Amino acid sequence: MAVVFGTLGYRPKSLIPTIRSTPKVDKVVFYCGADPKEQDAPKKVAEAKAAVLEYCRSMNISAIGIELDDPFDFKSIALRIRRDVRKQKKEGKEIAVFNIAGGTRPTSSAALLVCILEGIPTVYVHDVTYEEIHLPLLRMEYNQVLSGEEREILRILFKNRAKMLTEVELAAIVGKHKATVNHHLRNLVSKGAVRLEKHPGDARKKIVMLEESTELLLGDDE
Amino acid sequence: MRVLVSTFGGDDHAKVLSAMKSLPYEKLVLVGEASVEDTEGFLKLRHLEEMSGHDMDFEPVDTSGFMETVEEICDVLIRCSKDPESGRSNLVALNISGGSKLLGGAALFSAFRLGTEAYHCDERVTKLPVLKGATAVDRFTTSQVKFIMSIKDGGMLFDELLRTLQPAGRQAAERTLRILRKERLVETELRSGKVHVALSAEGREVARTLGVAGTDLAACADR
């Protein structure tokens with residue numbers, strides 16, 4: 001059995017054809033949210049959501065329509081979607097496809113980002129021609145780009161992100177010599193995953209900071 | 001030189017302004033449909049750049065198809081990554097927030113394909129998790145790259161492919177085939193009792209990425 005993910009704007013017809021054309025769907029998860037600057041948006045989004053839910057109910061497919069708190073907050077949306085996708089995967093569900101056609105631009109882009117990071121088949125519906133385009137997505141296997149030690153350092157930094165770890169403190173947690181950890185840190189800096197900043201209290205020391213993007217890279221359920 | 005490339009839709013110059021304020025750059029390049037060149041937002045951005053003594057480049061792209069747009073944006077990013085006069089490498093940052101969903105999505109796709117530093121700049125600025133220089137090339141071994149690039153222009157019988165893959169032997173080639181099939185990059189079928197191998201849609205995308213990254217069979221031999 002498979003799960004269909006989607007982003008939804010005002011047009012239920014941008015999502016329903018994907019549900020219909022995907023075999024063995026037993027669950028649909030979709031994200032929607034109204035632009036607060038548009039007066040009619042909440043009504044239009046609610047109508048579109050109701051239409052998709054009604055279609056799924058009629059087809060005996062379970063469906064969850066998730067209203068995003070802020071459909072323009074790219075990072076929060078990406079983290080939320082990634083968490084939901086991973087939850088489905090952990091439950092052993094196959095994610096058949098993610099339709100990224102509807103919703104705000106940040107919602108659609110955030111969904112595409114998750115698809116690239118999680119290797120989910122993605123479908124886009126052209127705004128003008130309504131043509132359904134299946135994207136030949138590549139999963140970015142960062143496990144193969146980053147060494148095991150680099151991944152371990154990123155995980156430790158992520159878990160300790162509230163603290164300001166120096167290189168020496170990090171080496172102690174990792175349980176490796178400072179020179180070895182420094183070597184991996186240099187690689188991570190050149191890949192743009194971490195940065196080194198001066199310690200506010202001691203100019204001789206450096207603090208290791210995770211780049212904001214690494215949170216998106218790892219996902220917040222790591 | 002630092003180059004800021006931003007997608008642009010004509011009515012969303014505030015997103016480009018957000019990128020201009022947040023990211024250091026010496027040269028601004030806008031990517032969008034040809035029609036945006038006449039918009040007020042475009043003229044405003046050009047005026048701002050002129051005030052600072054710089055030109056602003058505009059790269060028109062055709063957004064009628066997703067992958068076609070990806071190809072065009074990749075071309076822009078590759079051109080921007082080198083100074084044509086000095087031949088030196090430029091540092092390129094890409095903002096994907098402007099323009100249509102298709103343009104933004106295609107720009108995001110291109111950033112991952114080329115390992116280009118990328119951002120989503122709006123009221124908030126989000127750095128995207130593209131590792132610098134990390135592309136699909138890094139996922140594959142030399143023998144896998146050689147296998148993919150050997151059939152990028154069309155499928156062939158496995159026995160013919162074996163000759164191309166020499167000095168690798170049949171056993172090694174079969175192992176590579178099994179891995180690439182498992183990853184759904186290569187498809188096989190029996191034709192008159194012989195195995196025919198070809199790239200899947202995903203496999204063709206990998207081949208394009210490898211091609212864009214300058215990976216060819218000669219390079220494989222050096223790796």
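Asn60(A) is exposed, with 7 other C-beta atoms within 10 Å. A residue counts as exposed at 12 or fewer such neighbours, so Asn60(A) qualifies with its 7. The model is predicted. Asn60(A) lies in the loop between α2 and β3 of chain A. Its phi is positive, near 60 degrees, although the residue is not a glycine.

Lys24(A) is a second case of this kind. Its phi is also near 60 degrees, a positive value in a residue other than glycine. Lys24(A) sits in the loop between α1 and β2 of chain A. It counts as exposed because 8 C-beta neighbours fall inside 10 Å.

| Residue | Loop in chain A | Phi | C-beta neighbours within 10 Å |
|---|---|---|---|
| Lys24(A) | between α1 and β2 | near 60 degrees | 8 |
| Asn60(A) | between α2 and β3 | near 60 degrees | 7 |

**Helix α2 of chain A**

Asn60(A) follows α2(A). This helix covers residues 41-58 of chain A. How far apart should the ends of its 18 residues be at 1.5 Å a residue? The expected span is 26 Å, and the end C-alpha atoms are 26 Å apart, so the two agree.

The buried residues of α2(A) are Val45(A), Ala48(A), Val52(A) and Cys56(A). They cover an arc of only 75 degrees around the axis, so they lie on the same side of α2(A). The general rule is that an α-helix has 3.6 residues a turn, so residues three or four places apart point the same way.

The face turned away from that buried side carries exposed residues: Lys43(A), Glu47(A), Ala50(A), Glu54(A), Arg57(A) and Ser58(A). What covers the buried residues of α2(A)? The cover includes α1 (16-21), β2 (25-32) and β3 (62-67) of chain A. Two of these elements, α1 and β2, flank the loop that holds Lys24(A). Strand β3 bounds the loop of Asn60(A).

**Chain A as a whole**

Chain A has nine helices and eight strands. Its domain assignment gives domain 1 (2-135) and domain 2 (143-218). Over C-alpha atoms, the centres of the two domains are 35 Å apart. The C-alpha atoms of the chain fill a box of roughly 65 × 40 × 30 Å along the principal axes.

Of the 222 residues of chain A, 40% count as buried. Among contacts with a separation of 6 or more, 62% join residues 24 or more positions apart.

**A cis bond in chain B**

The peptide bond from Gln166(B) to Pro167(B) is cis, with omega near 15 degrees. Pro167(B) is found in the loop between α6 (158-165) and α7 (170-182) of chain B.

Methods. Residues numbered from 1 in each chain as written. Chains lettered and ligands numbered in written order. Predicted model: local features only at pLDDT ≥ 70, side-chain atom pairs only at ≥ 80, totals over all residues. Domains from an automatic or database assignment. Helix = DSSP H or I, 4+ residues; strand = E, 2+ residues; numbered from the N terminus. Buried ≥ 20, exposed ≤ 12 C-beta atoms within 10 Å, placed from the backbone. Contact = placed C-beta atoms within 7 Å. Expected span 1.5 Å × (residues − 1). Arc of directions from axis to C-beta.
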